[in-house]
Amino acid sequence: MAMGEEKSCSGDCKSCGQHHETDQDCRLKLALSKIRHKLVVMSGKGGVGKSTVAVNLAAALALEGKNVGLLDVDLHGPSVPKMLHLENQRPASENEMLLPVAVGNLKVMSIGFLLNNPDDAVIWRGPAKIGLIKQLLSDVVWGDLDYLVIDCPPGTGDEPLSICQMIPDGQAVLVTTPQQVAASDVAKSLNFCNQLGYKVLGIIENMAGFVCPKCGEITEIFSSGAGEELAARFNVKLLGRVPIDPAVCRGGDAGTPFVHSFADSAAAKAFAEIIAPLLSEE
């Protein structure tokens with residue numbers, strides 16, 4: 001069966017004991033049942049470094065020996081392949097299922113792997129996008145994972161809504177920058193989660209100060225405190241503050257997550273603090 005086709009389930013599913021409208025619904029349920037923690041990285045604002053956070057969050061968890069998946073559902077701007085130096089990779093297939101691209105114990109899937117040219121524009125309406133997101137969850141061999149980190153595009157539209165509906169037991173990680181203009185849009189994402197009854201794991205304040213490449217001193221170049229204010233207003237955790245660090249730019253452009261290549265950087269140390277509570281819950 002090619003990706004995109006759906007067959008009706010022939011009665012109750014012997015694998016999970018429930019009735020599904022399609023075989024794909026069954027595959028989706030089985031795939032999700034093998035993933036312990038689903039972390040949905042989202043933001044109401046573009047340009048806050050959400051993909052950088054998602055990639056380094058996944059990489060940091062993988063460095064701790066966890067089996068991690070990273071799913072890029074930013075269909076119109078998939079940057080995960082570039083940030084992991086996987087631009088020329090293509091997923092293999094097995095038994096009509098796609099195999100994610102593996103980097104050690106990190107499994108990666110992105111629409112960027114499926115484009116003929118990385119500069120191609122994905123000009124799709126909602127139903128097509130929703131269908132592909134479902135396939136990237138159900139028709140990819142994720143296997144047993146400790147964590148699946150999902151990089152959503154900004155806003156509260158089709159992609160984040162579909163993910164939250166398909167993964168009702170996931171947890172949202174909201175990304176903001178210190179400016180109030182960003183925080184006001186991220187507040188919309190927090191209200192989005194509240195309206196859906198979706199659990200919010202916490203907020204990460206990205207670009208929280210600038211790390212001098214010579215002396216290492218952190219200087220506040222934006223107004224500060226937006227992350228703390230949002231966390232207090234919505235009664236959620238502030239997971240951490242990640243400073244602007246030249247290592248972040250070098251790692252992203254080179255396709256090497258800074259938590260791996262620049263482990264001693266201030267940004268990498270911030271991520272170590274962010275994932276500590278997650279690891280303590282294992």
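This briefing covers the overall dimensions, helix α7, the salt bridges, the cysteines and the surroundings of Gln180. The model is predicted. Its protein chain contains 10 helices and 11 strands. With a radius of gyration of 19 Å, close to the 19 Å that the globule rule gives for 282 residues, the chain is as compact as a globular protein of that length.

**Overall dimensions and surface**

- Taken along the principal axes, the box filled by the C-alpha atoms of the protein chain is roughly 65 × 40 × 40 Å.
- Buried residues make up 51% of the 282 residues of the protein chain.
- The protein chain exposes about 12900 Å², and carbon and sulfur atoms supply 50% of that area.
- Counting contacts in the protein chain between residues at least 6 apart in sequence, 73% join residues at least 24 apart.

**Helix α7**

- Helix α7 spans residues 226–234, and its buried residues are Ala226, Gly227, Leu230, Ala231 and Phe234.
- These residues lie on the same side of α7, because they cover an arc of only 135° around the axis.
- Ala232 and Arg233 are exposed, on the other side of α7.
- The cover over the buried residues of α7 includes two strands that flank helix α6 in the numbering given here, β8 (171–176) and β9 (199–211), together with α6 (180–196) itself and β11 (238–244).
- Asn235 comes just after α7 and has a positive phi of about 55°.

**Gln180 and its contacts with the α7 region**

- Gln180 belongs to helix α6.
- Gln180 counts as partly exposed, because its relative accessibility is 40%.
- Leaving aside residues up to four places away in sequence, Gln180 touches Ser223, Ala226 and Glu229.
- One of these, Ala226, is also among the buried residues of α7.
- The C-alpha atoms of Gln180 and Glu229 are 9.6 Å apart in space, while the two residues are 49 apart in sequence.

**Salt bridges**

- The structure holds 13 salt bridges.
- Among them is the pair Lys134 and Asp25, with the closest N and O atoms 2.6 Å apart.
- This pair links distant parts of the chain, since Lys134 is in helix α4 (residues 126–138) and Asp25 is in helix α1 (residues 23–33), 109 residues apart.
- Lys134 and Asp25 are both buried.
- Another salt bridge joins Asp169 and Lys38, where the closest N and O atoms are 2.9 Å apart.
- Asp169 sits in the loop between α5 (158–166) and β8, and Lys38 sits in strand β1 (residues 35–42), so this salt bridge ties together parts 131 residues apart in sequence.
- The two partners differ in burial: Asp169 is partly exposed at 48% relative accessibility, whereas Lys38 is buried at 5%.
- Lys129 and Asp158 also meet in a salt bridge through their side chains, at 3.9 Å from N to O.
- Lys129 is in helix α4 and Asp158 is in helix α5, so the pair ties together parts that are 29 residues apart in sequence.
- Lys129 has a relative accessible area of 10% and is buried, while Asp158 has 30% and is partly exposed.
- A network of salt bridges links Glu205, Glu220, Glu228 and Arg241.

**Cysteines**

- The structure holds 0 disulfides.
- Cys152 is in no disulfide, and the nearest cysteine sulfur, that of Cys164, is 6.8 Å away.
- Cys152 counts as buried, because its relative accessibility is 0%.
- Cys215 is likewise in no disulfide; the nearest cysteine sulfur belongs to Cys212 and is 3.6 Å away.
- The cut-off for a disulfide is that the two sulfur atoms lie within 2.5 Å.
- Cys215 is exposed, because its relative accessible area is 55%.

How values were computed: Residues numbered from 1 in each chain as written. Predicted model: local features only at pLDDT ≥ 70, side-chain atom pairs only at ≥ 80, totals over all residues. Heavy atoms only, no water. Buried < 20%, exposed > 50% of the residue type's maximum accessible area, 1.4 Å probe, protein only. Helix = DSSP H or I, 4+ residues; strand = E, 2+ residues; numbered from the N terminus. Arc of directions from axis to C-beta. Contact = heavy atoms within 4.5 Å. Salt bridge = Lys/Arg side-chain N within 4 Å of Asp/Glu carboxyl O. Rg over C-alpha atoms; globule rule 2.2 N^0.38 Å. Areas by Shrake-Rupley, 256 points an atom, 1.4 Å probe, with all protein chains shown as cover.
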